[in-house]
Amino acid sequence: MNRSLWWRGILILVIVIGAALVAYPPKDKVNLGLDLRGGVHLVLAVQAEDALRAEADKDMDTLLRQLEQEGVTGASARRTGDSEFEVTGVPPARRDAVKKVVDRFLPFWSWSMTSGGVTFERRSEEDADIREQAVRQAEQTIRNRIDAFGVAEPVIQRQGLGSNRIVVQLPGVDDPERVKELIKNTALLEFRFVTYPSQGAAFTEEEILRNFPGGLPGDVEIFPQEIRGERGESAGTAYLALESRRIITGRDLRTARSGLGQFNEPVVRFYLSQDAGRIFGEATGANVGRRLAIVLDGKVQSAPVVQSRITDEGVIEGQFTQAEVEDLVTVLRSGALPASIAYLEERAVGPSLGQDSIDQGLRASLLGGALVVALMLLVYRLVGINAVLMLTMNLVLVFGALAYFGATLTLPGIAGIVLTMGMAVDANVLIFERIKEELRAGRTVKAAVAAGFGKALSAVIDTNVTTLIAALFLFQFGTGPIRGFAVTLSVGILASLFTAVFTSRWVFDLILSSRRRAERLSI
């Protein structure tokens, strides 16, 4: 045996043994996807309009605060759209102060003078950037919450380029209901002053509307508040009229942690950033004696009276259970979502159904593999053993790669493995048929083998590379199971190129090198 055969044989042996060791035992080394292990599948839509409104409110407050510092008092603002607001009460002689503040603090807003005041409209490119950032922040926030909860190997990714949809897959979760509640709790936290009633709450929205004979003002909104009994059970719904202006939001929090209230009830203690603490201090200091509502996900949790100036910390009370407080702290510490979320799809897969998928996939693989083996042995006789050996090696390499890179095996991924089995022997078929043609042309066995591999190489590479390109596009633009199929197919194609072109040729060379003159080949 020449030195080339030795080195090629050692390389093949090292790769195959390494792949086998990495993948063994496959039950522990290969990650199973949601459809095989069971778990929760969610498709979420980020309502980016919430982020647009929150940014508009924040810029409105900045404008009014800076105008006061410029000596313009009595100005007021109200939002007229997601990305529009109007400022009134600015004397015509002080319009220059508006321009000065806008140029310095609101560069992304277009503004114009009207008879009633000054109208502002945010530029479209800034709107697009806010929407994009809202989706990205929501994706990262959800990831932080899932990681904090301790779900193993979650799949959290955006569905499509430029989309506002996020796919969440949580395989093998022990408590799917609590995890779903953790994600559903968007924790869009807001602090707003109460307009009506000054004490208690209204039992119907009509009661609030009767307090505003001319109709509900544009800067006032009605929010529900759940009433709970002594044991924490729901006892109905009440309503409060709140100012549309948000004092601060959950994005202004520095951190949060659980604690005990005045009567040892579970509460959430929050701590504000420096800038938010200054804004909150100014707002509460100027409104001592008024009620301040704490709004979480569109529902009033509590509405205490402001007793004194509050700066950098406060308490959220709402008759929570200890588990609810812990989940809320997890949500707030991992980041409040910049916008609310709509649930487009929710699907739970039981572990027994996942095991059925594994069993059926295994049966399909064994049946398909058995048919391939039988066909190769029947058509190519002893040379077919070479193809069977390459097929076995291909599967070892595929599972070794999946285990090494931590890829997730899904049910479509099993389909990709079955397809890989066909792709693997397809390369052997091209080579073997070319060898048969060379033998029929009168070449010797060694010359026919060399010509068969040489002339079939371009066809083998072309067919596999084109399939690999398609698989890469599936991985780039697909989601969840589609990407699982693309991963196993891509790995299988690369493995089949190695086994069919490099390893199969080595087997032929090894066998023929032991014969001085090979006159026949069982093909």
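In what order do the four strands of the open sheet that contains S7 and S18 lie? They follow the order S7-S8-S2-S18, and their pairing is antiparallel. The structure is a predicted model, and this briefing looks in turn at that sheet, at another sheet with the helices that pack on it, and at a pair of helices.

**The sheet with S7, S8, S2 and S18**

- The edges of this open sheet are formed by strand S7, covering residues 155-158, and strand S18, covering residues 341-349, each of which pairs on one side only.
- On average, and with direction ignored, neighbouring strands of this sheet are turned by 15 degrees against each other.
- Within the sheet, strand S2 (residues 39-46) and strand S8 (residues 165-171) run antiparallel and are joined by seven bridges.
- A particular pair can be picked out here, since Leu 44 has Ile 166 in S8 as its bridge partner.

**The sheet with S3, S4, S6 and S5**

- Another open sheet is formed by four strands in the order S3-S4-S6-S5, and here too the pairing is antiparallel.
- Strand S3 (76-81) and strand S5 (109-113) are the edge strands, each pairing on one side only, while the twist from one strand to the next averages 25 degrees.
- Strand S4, made of residues 84-88, is linked by four bridges to strand S6, made of residues 118-122, and the two run antiparallel.
- Looking along this pairing, the reader will find Val 87 standing opposite Val 118 in S6.

**Helices on that sheet**

- Helix H4, which spans residues 48-69, lies across S3, S4, S5 and S6, and it runs at about 160 degrees to S3.
- Helix H5, which spans residues 95-105, also packs on the sheet, where it touches S5 and S6, and its direction makes about 175 degrees with that of S5.

**The helix pair H12 and H13**

- Two packed helices are described by the angle between their axes together with the distance between those axes.
- For helix H12 (residues 383-405) and helix H13 (residues 411-440), the packing angle is about 145 degrees and the axes are 10 Å apart, and the crossing of H12 and H13 is right-handed.
- On the H12 side the contact includes Val 383, Met 390, Leu 391 and Phe 399, and on the H13 side the residues they meet include Ile 417, Met 421, Val 425 and Phe 432.
- Asn 386 and Asn 394 in H12 also belong to this contact, as do Thr 420 and Asn 428 in H13.
- Sorted by type, the residues of the contact of H12 with H13 divide into twelve nonpolar, four polar and no charged.

Terms used. Residues numbered from 1 in each chain as written. Predicted model: local features only at pLDDT ≥ 70, side-chain atom pairs only at ≥ 80, totals over all residues. Heavy atoms only, no water. Axes fitted to C-alpha atoms, helices over the stretch in contact; angles between N-to-C directions. Left-handed = near helix turned anticlockwise from the far one by under 90°. Contact = heavy atoms within 4.5 Å. Nonpolar A, V, L, I, M, F, W, Y, C, P; charged D, E, K, R; others polar. Pairing = 2+ DSSP bridges.
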